[in-house]
Amino acid sequence: MHSFTQMALVNENFLKLPGNYLFSDIAKKVEKYKAEHPERRIIRLGIGDVTRPLPEAVIVAMHKAVDEMANKETFRGYGPEQGYDFLREAIIKHDFEPRGIMLRKSEVFVNDGAKSDTGNIGDILDINNRVGVTDPVYPVYIDSNVMVGRTGNMTDDKWNDITYFPCTAENNFIPEIPHERIDMIYLCYPNNPTGMTLSREELGKWVDYALANGSLILFDAAYEAYIRENDVPHSIYEIEGAKRCAIEFRSFSKTAGFTGLRCGYTIVPEEVKASTRNGVEVSLNQLWNRRQSTKFNGASYISQRAAEAIYTPDGKEQIAGNIKYYMDNAKIMRSGLQKAGYKVFGGINAPYLWVKAPDGLSSWDFFDMLLNNADIVGTPGTGFGPSGEGYLRLTAFGTREDCHEAIERINKL
Ligand code: PLP
């Protein structure tokens with residue numbers, strides 16, 4: 001008979017998570033290469049973080065907020081967990097009303113970024129729900145479901161209880177509507193990592209599917225501000241009926257350079273419902289409000305004043321300038337790669353380019369080729385899921401000079 005030392009038990013679901021070796025594997029390869037070739041200048045086009053500083057309007061607003069905190073009359077302590085009214089009102093007025101979307105303040109939940117809420121939303125949903133994700137995918141959607149035990153075990157790089165919707169050049173990166181019932185569907189548009197989008201018509205098919213099947217769509221619009229084309233919806237609520245079946249996640253990280261400052265928000269419409277096992281309909285807005293009030297302290301007053309400032313005329317102009325800078329990078333990279341003979345996807349409505357590896361190379365072969373022959377670092381597509389094999393992700397968040405030089409180097413290959 002075994003005798004166990006009595007101890008608290010761990011959540012064993014965490015032990016099922018495969019190590020996230022992607023970025024450490026990349027770092028190791030790059031370090032080794034640098035040690036062997038100290039004279040070469042490496043250009044990093046794999047970064048998923050912004051590089052331009054915060055806009056002036058944001059800095060001014062933060063200084064003012066800091067001064068308020070120093071004064072007995074204007075000091076703020078604990079704030080509302082759902083966010084301050086000034087920011088919730090600005091979000092509704094500037095991000096939704098101009099698109100004909102009317103929201104109540106109670107439907108806007110300010111947070112510290114989209115990673116938190118896309119990872120936490122499963123708290124209010126049953127463990128037996130069937131989950132569907134596009135493949136390749138932003139890893140948080142899957143890993144957060146693994147942690148609570150919603151995904152079963154893994155075979156051949158796929159979780160048994162997750163349905164994958166492959167997105168590749170073969171289907172023009174448009175995921176096929178499932179034939180079976182899925183309860184929770186994660187969609188991210190504009191997409192990280194592929195940089196591709198869905199048209200209003202294509203997104204409408206998902207909303208129709210969700211309404212017909214009682215599914216919940218978890219719509220990640222973290223890159224909404226990068227959309228340039230008219231037919232691409234900025235919010236899922238532009239689609240008729242979406243308020244009854246979708247939760248939308250937004251972030252100031254890529255919109256306004258808040259990756260280090262932290263602020264974002266989630267929209268949970270009052271109409272969106274899910275059911276108890278006994279068939280009683282429950283408002284997800286009320287559950288999420290309860291969840292946030294219990295487990296979340298709200299974003300800081302200073303971050304929220306900073307976020308409010310991006311909706312002023314100066315703020316709008318300044319963030320548009322930064323986004324244009326990144327999207328001009330994307331344009332330069334996209335056309336340069338195409339001229340060099342590469343098949344490139346994305347980069348039109350998103351700061352990501354999804355490049356097909358030439359000559360049937362694998363993602364890692366292509367990574368090695370660019371590192372060894374052009375001193376350029378990308379991110380192998382396989383890091384985002386099995387359908388990422390044969391692709392490499394490049395981002396447009398670098399400097400203009402590096403983008404030009406990277407293309408020059410690629411042309412010389
Ligand atoms: N969603 C997607 C698709 C992302 O790519 C990222 C960040 O890279 C996030 C959410 C997280 O953003 P945040 O900084 O708001 O947590």
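This is a guided tour of a predicted model, going from its two domains to their sheets, helices and a few backbone details.

**The two domains**

Begin by colouring the two parts given by the domain assignment, which places residues 19-48 + 316-412 in domain 1 and residues 59-311 in domain 2. The centres of domain 1 and domain 2, taken over C-alpha atoms, are separated by 27 Å. If you then look at where these parts meet, 24 residues of domain 1 are in contact with 32 residues of domain 2.

**A helix pair**

Next, select helix H2 (residues 22-36) together with helix H12 (residues 363-374), whose axes come within 11 Å and cross at roughly 30 degrees. With that angle under the 35 degree limit, H2 is therefore roughly parallel to H12. The crossing of H2 and H12 is right-handed. To see what touches what, show the side chains of Leu22, Asp25, Ile26, Lys29, Val30 and Tyr33 on H2, and those of Trp364, Phe367, Asp368, Leu371 and Asn372 on H12, since these residues make the contact. Sorted by class, the contact of H2 with H12 consists of seven nonpolar, one polar and three charged residues.

**The sheet of four strands**

Now turn to the open sheet whose four strands follow the order S13-S14-S17-S16, with antiparallel pairing. Its edges are formed by strand S13 (344-346) and strand S16 (379-380), each of which pairs on one side only. Zoom in on S13 and strand S14 (residues 352-356), an antiparallel pair with three bridges, where Phe345 has Trp354 of S14 as its bridge partner. Then add helix H11 (residues 313-339), which lies across S13, S14 and strand S17 (391-395) and runs at about 155 degrees to S13.

**The sheet of seven strands**

Move on to the open sheet in which seven strands are ordered S2-S10-S9-S8-S7-S3-S6, with mixed pairing. Strand S2 (108-111) and strand S6 (162-166) are the edge strands here, and each pairs on one side only. As you rotate the view, note that neighbouring strands of this sheet are turned against each other by 20 degrees on average, direction ignored. Within the sheet, select strand S3 (residues 131-135) and strand S7 (residues 184-188), which run parallel and are joined by three bridges; the bridge partner of Val133 in S7 is Tyr186. Helix H9 (residues 284-295) packs on the sheet, where it touches S2, strand S8 (216-220) and strand S9 (246-251), and the direction of H9 makes about 25 degrees with that of S2.

**Backbone details**

The last stops concern the backbone itself, and it helps to know that most residues other than glycine have a negative phi, and that most peptide bonds are trans. Select Asp135 and Pro136, which are joined by a cis peptide bond with omega of about 5 degrees; Pro136 is in the loop between S3 and helix H6 (140-148). Another cis peptide bond, with omega of about 15 degrees, joins Asn192 and Pro193, and the loop that holds Pro193 runs between S7 and helix H7 (200-213). Finally, go to Asp156, which is not a glycine and yet has a positive phi of about 50 degrees; Asp156 is found in the loop between strand S4 (154-155) and strand S5 (158-159).

Methods. Residues are numbered from 1 along each chain as its sequence is written. This is a predicted model: local features need pLDDT of at least 70, side-chain atom pairs count only at pLDDT 80 or more; totals for chains, interfaces and linings use all residues. Side-chain values use heavy atoms; hydrogens and water are left out. Axes are lines fitted to C-alpha atoms, for helices over the stretch in contact, and angles run from 0 to 180 degrees between N-to-C directions. Helices (H or I, at least four residues) and strands (E, at least two) are DSSP runs, numbered from the N terminus. Angles under 35 degrees count as roughly parallel, over 145 as roughly antiparallel, 65 to 115 as roughly perpendicular and the rest as oblique. A crossing is left-handed if the near helix is turned anticlockwise from the far one by less than a right angle, and right-handed if clockwise. Contact means heavy atoms within 4.5 Å. Ala, Val, Leu, Ile, Met, Phe, Trp, Tyr, Cys and Pro count as nonpolar, Asp, Glu, Lys and Arg as charged, and the others, Gly among them, as polar. Two strands pair if DSSP finds at least two bridges between them. Domain bounds come from an automatic or database domain assignment.
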